[in-house]
Structures are given as C-alpha cells and as structure tokens.
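Trainee: Got a minute to go through this one with me? I'd like to start from a single side chain and work outwards.

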Amino acid sequence: MALEEMVRGVVEFVREHQVWAAPVVGALAFGESLAFVSLVIPAWSALIGIGALVGASDIKFWPVWLAASLGAALGDWLSYWLGFTFKDQVTHMWPLSRYPEMLPRAERFVGKWGVPGIFIGRFFGPLRAAVPLAAGVFEMPYWHFQLANFSSAFVWSATLLLFGDAISKLAAWFWGMV
C-alpha cells in the first residue's frame, strides 16, 4: 500500500469516526516521534490532513492538539530512554543499521545545539526521531531533555494541525472563487 493511500485512509477514518480523532492523532504523533518507527512510516502528512478536518468538521482542536502533543512527547521520551539504556547497541538495530550516518549526524547536531537542538530537531524530518535517541545515548541531562521535549511537542503539533486547518480554509476559499 502506498504511503498516500495509507494517509488518505487514516484521514478518511477520522472524518467518518470523529470521536476517534484524538486517539488516532496521539498514536500518529507517537509513531512519528519514536525512533525506528518514524523512519519507516512518516505520519506528519496524516497529521496535517487531520488538521484540515478540524477546521472543516465538528472535531474540536484542543483535545486533538493535546493528544498530538502528548503522543509526540511520549515518543521522544521513549526514544531517549532507548538511547540511554542501549547506548552503542542502537546503531546495530534495524532500521538504524541501514542508515549508519543518522546517529552520528544527530550526535553532531545535539553536540552543537545542546538543549535547544532537541526543540529544533523536532521540526526536521529524519532528525525528529534520531535527536532524542542521540540525546539518550550521549546522556543529556534528563530534565533538560524533557523540558525541550514537551515544549517542542506542543509547538510542533500545533504547527502541523493549524497548517492543515489553514490549507483547508484556503482551499475552500479558492474553490468558492472558481
């Protein structure tokens, strides 16, 4: 199944079963932020699609935003724990074993930017899940990591959901003009 079909299916499911919006978004954000999983199944496009539904349906923004934020923060938290617990072994685990340059890149990024790098890293594709893993491997102080983790999760999830909402409003306006 193509990625576009999966995204369309998830968004359609949420459109038809709006009561499941928050749990689905929370799971998507968790997977998008979890080391290993996010490299295989990027979920950000589904989060943007669901954000478009929020503005065009009866889905409430606040519960979906909270679910996305907590899902993303928990995914990074688990990635940090995996890195902290398994240290050098993570580079030999799939799918990182297929991308040997990813963890050293994330290490350089975290080394250069420190705690702000955790916040910044959430907004850059492949770094999103590798940065928390690297922070754990290289033993970034736990509470420093968690402060950047949770604050960036709330900003990142709001950005994706509101971007989807803005796109849906722009599309509705455009098609209303045509």
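**Charged pairs and the fold**

Mentor: Start with Arg122, which is buried at a relative accessible area of 1%. Keep in mind that this is a predicted model.

Trainee: Which residue does Arg122 form a salt bridge with?

Mentor: Asp76. The closest N and O atoms of the two are 2.7 Å apart. The pair links distant parts of the chain, 46 residues apart. Arg122 sits in the loop between α7 and α8, and Asp76 in helix α5, residues 61-86.

Trainee: And Asp76, buried or exposed?

Mentor: Buried, because its relative accessible area is 1%, and the cut-off for buried is under 20%.

Trainee: Why would two charged side chains sit together like that?

Mentor: Side chains of opposite charge can pair when their charged atoms come close.

Trainee: How many salt bridges does the structure hold?

Mentor: Six. Take Glu32 and Arg128, whose side chains meet at 2.9 Å, N to O. Glu32 belongs to helix α2 (residues 21-33) and Arg128 to helix α8 (residues 127-137). They are 96 residues apart, so to speak of distant parts of the chain is fair.

Trainee: Are those two buried or exposed?

Mentor: Both Glu32 and Arg128 are buried.

Trainee: What about Lys87 and Glu139?

Mentor: Their side chains also meet in a salt bridge, 3.0 Å from N to O. Lys87 is in the loop between α5 and α6, while Glu139 is in the loop between α8 and α9, so the bridge ties together parts 52 residues apart in sequence. Lys87 counts as partly exposed, at 22% relative accessibility. Glu139 is partly exposed too, at 45%.

Trainee: Which residues do shared salt-bridge partners join into one network?

Mentor: Glu12, Arg15 and Glu16.

Trainee: How do the charges add up across the protein?

Mentor: There are 11 positive and 12 negative side chains. The centres of the two sets lie 5 Å apart.

Trainee: Switching topic. Where is Pro132?

Mentor: In helix α8. Pro132 is buried, with a relative accessible area of 1%.

Trainee: What is Pro132 in contact with, leaving aside neighbours within four places in sequence?

Mentor: Asp76, Ser79, Tyr80, Leu127 and Phe145. You met Asp76 already, as the salt-bridge partner of Arg122. As for Tyr80, its C-alpha is 4.8 Å from that of Pro132, with their positions 52 residues apart in sequence.

Trainee: Zooming out, what does the secondary structure come to?

Mentor: Nine helices and zero strands. The radius of gyration is 17 Å, close to the 16 Å that the globule rule gives for 178 residues, so the protein is as compact as a globular protein of that length.

Trainee: What box do the C-alpha atoms fill?

Mentor: Roughly 55 × 35 × 30 Å, taken along the principal axes.

Trainee: What share of the residues is buried?

Mentor: Buried residues make up 44% of the 178. The protein exposes about 9,500 Å², and carbon and sulfur atoms supply 72% of that area.

Trainee: Last one. Among contacts between residues at least 6 apart in sequence, what share joins residues at least 24 apart?

Mentor: That share is 78%. The Glu32 and Arg128 pair, 96 residues apart, is a good one to look at next.

Terms used: Residues numbered from 1 in each chain as written. Predicted model: local features only at pLDDT ≥ 70, side-chain atom pairs only at ≥ 80, totals over all residues. Heavy atoms only, no water. Helix = DSSP H or I, 4+ residues; strand = E, 2+ residues; numbered from the N terminus. Rg over C-alpha atoms; globule rule 2.2 N^0.38 Å. Buried < 20%, exposed > 50% of the residue type's maximum accessible area, 1.4 Å probe, protein only. Contact = heavy atoms within 4.5 Å. Areas by Shrake-Rupley, 256 points an atom, 1.4 Å probe, with all protein chains shown as cover. Lys, Arg positive; Asp, Glu negative; His and termini not counted. Charge placed at Lys NZ, Arg CZ, Asp CG, Glu CD. Salt bridge = Lys/Arg side-chain N within 4 Å of Asp/Glu carboxyl O.
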